[in-house]
Each structure stands twice: as structure tokens, then as C-alpha cells.
Amino acid sequence: MYNYFALHYDKLTENVDYKVRSDYISDFFNKLGIPENATLLDLACGTGTMSLLFKEKGYHVIGIDLSSEMLSIADNKANGTISFIKAEMQNFSLSEPVDVCVCCLDSINHLNSLNDVEKALECVYHSLNENGVFVFDVNTVYKHRNILADNSFVFDEENYFLSWDNELIDNYSVRIILDFFVYNGVSYDRYSEEFVETAFETEVLSSALMPYFEILGIYDDLSLESPKTDSERLYFVCKRKK
């Protein structure tokens with residue numbers, strides 16, 4: 001997953017305002033009395049952009065991701081100032097617990113079964129100190145059914161062309177097929193990648209969280225408003241149960 005995509009991930013997500021999102025999340029931490037020198041786990045950290053922003057705020061950051069290519073880019077960007085670990089979201093452990101955990105930009109949607117989601121939540125639970133805080137976001141079922149659905153997107157850049165095709169597998173899961181055409185100086189080389197994202201009903205995620213976390217709030221994207229019928233992304237703010 002994300003083998004070749006990793007090389008272009010930062011370019012293709014330039015429209016994502018990472019700073020706004022890191023500020024939004026850290027505001028919850030501040031309100032809950034978490035100091036900015038706390039230890040933070042960035043779960044499914046990708047190329048480390050969010051990890052670096054939290055580090056700049058003063059947090060002591062650890063990043064976890066399954067993609068070696070993503071982690072290599074993240075490590076180069078951090079220049080050795082952040083510890084990165086290769087592991088699955090649903091199968092990891094830390095040598096020492098952290099104060100807070102974040103999982104950003106619909107990474108949870110990469111877990112395609114409720115069983116895997118529950119395993120990931122259990123891992124997060126065991127990775128947190130007592131009263132630790134977990135903030136994550138998810139794409140909604142509405143977004144999968146109505147926005148991603150069977151739609152296609154095109155990125156036409158100077159040295160490459162990307163075709164992004166979605167296929168709605170069922171009411172919850174979308175297959176994403178990426179075809180890169182990269183200019184090699186003479187012609188174009190083609191690279192293809194494919195993965196599936198799955199959305200879960202809010203009630204299902206709330207039930208999965210219940211054994212491990214107290215849900216402090218569920219919010220519409222980058223707001224303090226309650227979820228709407230057409231919300232595309234939701235944030236969950238949770239506190240570890242004793």
C-alpha cells in the first residue's frame with residue numbers, strides 16, 4: 001500500500017491545511033489540561049507532516065505507520081528528531097505509554113473490518129497513560145456513498161499524470177485505484193496501486209470505543225458542531241477509561 005503513491009503524497013495533499021487540523025486537535029488537548037510537552041503518538045503518521053507540526057508545538061512525538069516508503073520520507077523530513085516505528089494500526093505496542101494519541105486524515109477507514117477497528121482501539125488503549133486522550137477522524141458513510149462513490153478524479157502535474165478511480169463496493173466500502181503516468185524524459189512509465197477504505201456508522205464506532213474510552217465529543221469536521229446527516233468527516237475526542 002502507498003508504495004509509489006508515497007513519493008507524491010505530499011504534493012497531492014497540498015490542499016490539506018495540516019496546521020489548521022493540528023491546531024484544532026491541540027485545542028482539545030489544551031482544554032483537557034494536556035501540556036504541550038506531553039508525549040504524543042501519531043498513529044498512521046504517513047509522511048510525518050502532522051508529526052512535525054505537533055513536534056513544533058512542543059510535544060514529544062512517536063510516529064507509527066505500516067508503509068516503509070511513507071516512513072522513509074517522514075524520517076528524512078524530521079531529520080532524526082522523531083522516532084518512527086513500522087507497525088500495523090491494529091497490532092502495535094509501545095515500550096512506554098504516551099499521554100495522547102492522534103489518528104488523522106481518515107486513517108481508521110483503512111481498517112476494513114470492525115474486528116480490526118476494535119483491535120486498533122485496544123492497542124491505543126494500552127499505549128496510553130491513565131486518563132490519556134485519543135483524538136481521531138473518520139470519513140463518514142455519507143461521504144463514501146455520495147462523494148467518493150463511483151467518481152473519478154484527475155491530477156495533471158508537470159511530470160506526471162494521476163487517474164484516481166473510485167468503485168463503491170457496497171454501502172460502506174470504496175475501492176480506490178490509482179494509476180500514475182510518470183514522465184521519464186522520453187515517454188511515460190505507468191505505476192498502479194489499489195486499496196479499500198471502509199466507513200462505519202457513528203453508532204458502530206461508539207460501541208467499539210465503549211470498552212476502552214469515554215467519548216467526550218463527536219464533532220463535524222473542524223468544528224464544535226454535532227454531526228449532520230451530510231457530514232463528510234467526523235472527529236472523535238475520547239478519554240481512556242481506567
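Q: Which residues have the most contacts inside the largest nonpolar core?
A: In this predicted model, the largest nonpolar core has 43 residues. Membership requires a buried nonpolar side chain joined to others through side-chain atoms within 4.5 Å. The residues with the most contacts inside this core are Ile25, Phe29, Leu40, Phe54 and Leu178.

Q: Which residues does Phe29 touch, not counting residues up to four places away in sequence?
A: Phe29 is among the residues with the most contacts inside the largest core. Once residues up to four places away in sequence are set aside, the residues that Phe29 touches are Ile34, Leu40, Phe54, Tyr59, Val100, Val102, Val133 and Val135.

Q: How many residues are in the second, separate core?
A: Besides the core that contains Phe29, there is a second, separate one. Its members include Ala87, Phe200, Leu205 and Cys238. The size of this second core is 32 residues.

Q: Are helix 2 and helix 3 parallel, perpendicular or oblique to each other?
A: The axes of helix 2 (residues 18–31) and helix 3 (residues 49–56) come within 10 Å and cross at roughly 55 degrees. Angles of 65 to 115 degrees count as roughly perpendicular and those under 35 as roughly parallel. The crossing angle therefore makes helix 2, with respect to helix 3, oblique.

Q: What is the handedness of the crossing of helix 2 and helix 3, and how do the residues of the contact divide?
A: The crossing of helix 2 and helix 3 is right-handed. Helix 2 contributes Tyr18, Lys19, Arg21, Ser22, Ile25, Ser26 and Phe29 to the contact, and helix 3 contributes Thr49, Met50, Leu53 and Phe54. By class, the residues of this contact are six nonpolar, three polar and two charged.

Q: How do the residues of the contact of helix 5 with helix 7 divide into nonpolar, polar and charged?
A: The axes of helix 5 (residues 114–127) and helix 7 (residues 202–209) come within 9 Å and cross at roughly 40 degrees, and the two helices are therefore oblique to each other. The contact is made by Leu114, Val117, Glu118 and Leu121 of helix 5 together with Val204, Leu205, Ala208 and Leu209 of helix 7. Glu counts as charged, and the division is seven nonpolar, no polar and one charged.

Q: Which strands are included in what covers the buried residues of helix 6?
A: In helix 6 (residues 141–148), the buried residues are Val141, Lys143, His144 and Leu148. The elements covering these residues include strand 5 (128–139), strand 7 (160–168), strand 8 (173–183), strand 9 (188–198) and strand 11 (233–240).

Q: Which residue follows helix 6, and what is its phi?
A: Helix 6 spans residues 141–148. The residue that follows helix 6 is Ala149, and its phi is positive, near 40 degrees.

Note on methods:
Residues are numbered from 1 along each chain as its sequence is written. This is a predicted model: local features need pLDDT of at least 70, side-chain atom pairs count only at pLDDT 80 or more; totals for chains, interfaces and linings use all residues. Side-chain values use heavy atoms; hydrogens and water are left out. Axes are lines fitted to C-alpha atoms, for helices over the stretch in contact, and angles run from 0 to 180 degrees between N-to-C directions. Helices (H or I, at least four residues) and strands (E, at least two) are DSSP runs, numbered from the N terminus. Angles under 35 degrees count as roughly parallel, over 145 as roughly antiparallel, 65 to 115 as roughly perpendicular and the rest as oblique. Contact means heavy atoms within 4.5 Å. A crossing is left-handed if the near helix is turned anticlockwise from the far one by less than a right angle, and right-handed if clockwise. Buried means under 20% relative accessible area, exposed over 50%, partly exposed in between (1.4 Å probe, protein chains only).
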